[in-house]
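Please walk me through this structure, beginning with what lies inside and ending with a few single residues.

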Amino acid sequence: MDLPLTLAISPYDHARNLRPQGLALTVLELPIEEIFFRFTKFREWDASEMSFGKTVSLMAEPAPDIVPIPVFPSRVFRHSAIYIGEKSNIKEPKDLEGRKVGIPEWAQTAGMYARGLLQHEYGVDLARIHWHQAGVQQPGRVEKAKLHLPGGVRITPVPDKSLAQMLAAGELDAVISARDPGGRRLFGNYQEIEEAYFRKTRIYPIMHLVVLRRDVYERDRWVAMNLFKAFEEAKRHSTQRLVEIGLSHVPMPWLAEHARRWRALAGEDFWPYGIEGNRPTLEAFVQYAHEQGVTARRLQVEELFAPETRESFKI
């Protein structure tokens with residue numbers, strides 16, 4: 001009899017028709033904000049898609065109650081996540097110093113990557129920015145991670161306004177957000193810049209990963225690897241569909257050509273799971289998390305993931 005397992009995840013094509021061996025899987029496809037809120041607050045299901053920022057925050061604690069596996073369902077380059085006001089005179093990243101910049105949460109994964117590249121690629125001093133925290137479209141959003149902010153960094157919560165509202169009114173000079181708050185992007189030609197950034201750093205930002213509740217993992221440790229293998233197989237079918245030219249799997253022209261172009265740049269496995277194919281990205285993110293005070297200590301990449309998923313058998 002297969003072991004029952006509940007998993008909450010967004011309806012990704014590359015997570016379609018998951019068939020983990022030995023598991024009777026119940027998949028809950030929910031809005032990502034609802035998944036994060038309910039799992040973070042209540043641990044309602046056995047396995048869940050999870051924000052990478054929240055994950056590293058939890059994994060740096062003395063006794064984390066989650067066990068991540070190196071499956072990365074969402075990845076997005078984040079030069080495109082930096083927005084400025086329509087009439088702003090900000091022209092380059094260094095111009096953000098001395099300005100008021102909004103964030104939905106300091107530990108939001110998109111913002112952590114954006115601040116990391118601002119600091120390391122453009123020499124921006126994060127302590128010289130006046131940070132304001134609020135919901136993107138709705139007031140009342142709060143920080144969900146315990147922070148250990150570096151010296152000089154100050155964040156002002158704004159509970160009664162939204163980032164979109166403040167940016168439109170000129171009360172903020174810029175916003176860093178995974179969701180569009182209005183305004184215009186700091187990097188207008190962001191796709192070209194992000195491609196050059198990947199060529200230089202090999203960093204392809206990981207936004208989300210998959211975690212197990214620790215009690216589920218400790219009871220049946222084989223679940224981690226069997227779930228990992230099922231995600232790998234589902235992804236393999238998805239990438240094959242992307243390069244198919246005989247029919248349209250999604251309502252978008254030239255998708256196969258775009259996929260082939262990305263494969264030429266990123267490699268045959270252009271959406272890798274596991275540690276080694278993602279090491280530059282993983283190493284950068286644990287560095288950013290520590291530098292920005294999302295984790296109290298610098299995590300090692302290997303300690304993030306279930307040991308069973310770090311290597312595989314060879315024939």
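The largest nonpolar core of this predicted model has 88 residues, and those with the most contacts inside it are F52, V56, I69, L96, W131 and F231. A nonpolar core is here a set of buried Ala, Val, Leu, Ile, Met, Phe, Trp, Tyr and Cys residues joined through side-chain atoms within 4.5 Å, and buried means under 20% relative accessible area, while exposed means over 50% and partly exposed in between, with a 1.4 Å probe and protein chains only. Helix α7 gives the largest share of this core, eight residues; helices (H or I, at least four residues) and strands (E, at least two) are DSSP runs, numbered from the N terminus. F231 touches L7, I9, H14, A15, L18, V71, V210 and Y273, when residues up to four places away in sequence are not counted, contact meaning heavy atoms within 4.5 Å. Apart from the largest core lies another, of nine residues, with V136, V158, L163 and L172 among them. In soluble globular proteins, nonpolar side chains tend to be buried together.

As for the source, this is a predicted model in which local features need pLDDT of at least 70 and side-chain atom pairs count only at pLDDT 80 or more, whereas totals for chains, interfaces and linings use all residues. Residues are numbered from 1 along each chain as its sequence is written, and side-chain values use heavy atoms, with hydrogens and water left out.

We can now turn to the sheets. An open sheet of five strands follows the order β2-β1-β3-β11-β4, and its pairing is mixed; two strands count as paired if DSSP finds at least two bridges between them. Its edges are taken by β2 (23-28) and β4 (66-75), each of which has a single partner strand, so one side of each is left without a neighbour in the sheet. On average, neighbouring strands of this sheet are turned by 30 degrees against each other, direction ignored. Within it, strand β3 (residues 47-51) and strand β11 (residues 206-213) pair in the antiparallel sense over five bridges, and M50 stands opposite L209 in β11. Helix α2 (residues 52-59) lies across β3, β4 and β11, running at about 100 degrees to β3, while helix α7 (residues 222-242) lies across β1 (3-8), β2, β3, β4 and β11, at about 10 degrees to β4. For such angles, axes are lines fitted to C-alpha atoms, for helices over the stretch in contact, and the values run from 0 to 180 degrees between N-to-C directions.

Another open sheet is formed by six strands in the order β8-β7-β6-β9-β5-β10, again with mixed pairing. Its edge strands are β8 (155-157) and β10 (184-185), each pairing on one side only. Strand β6 (residues 100-103) and strand β9 (residues 174-176) run parallel and are joined by two bridges, and the bridge partner of V101 in β9 is A174. Helix α3 packs on this sheet, touching β5 (82-84), β6, β7 (130-133) and β9, and its direction makes about 120 degrees with that of β9.

How far apart are the end C-alpha atoms of helix α5 (residues 190-201)? They are 16 Å apart, which agrees with the 16 Å that its 12 residues should span at 1.5 Å a residue, the expected span being 1.5 Å times one less than the number of residues. The buried residues of α5 are E194, Y197, F198 and T201. They cover an arc of only 100 degrees around the axis, which puts them on the same side of α5; the arc is that of the directions from the helix axis to the C-beta atoms. The cover over these buried residues includes α3 (109-122), α8 (255-266) and α9 (279-291), whereas the face turned away from the buried side carries the exposed residues E192, R199 and K200. Just after α5, R202 takes a positive phi of about 60 degrees.

Two loop residues complete the tour. D173 lies in the loop between α4 (163-168) and β9, and at 24% relative accessibility D173 counts as partly exposed. Although D173 and G102 are 71 residues apart in sequence, their C-alpha atoms are 8.1 Å apart in space. S10, in the loop between β1 and β2, is buried, with a relative accessible area of 11%. Leaving aside neighbours within four places in sequence, S10 is in contact with L30, I32, I35 and E49.
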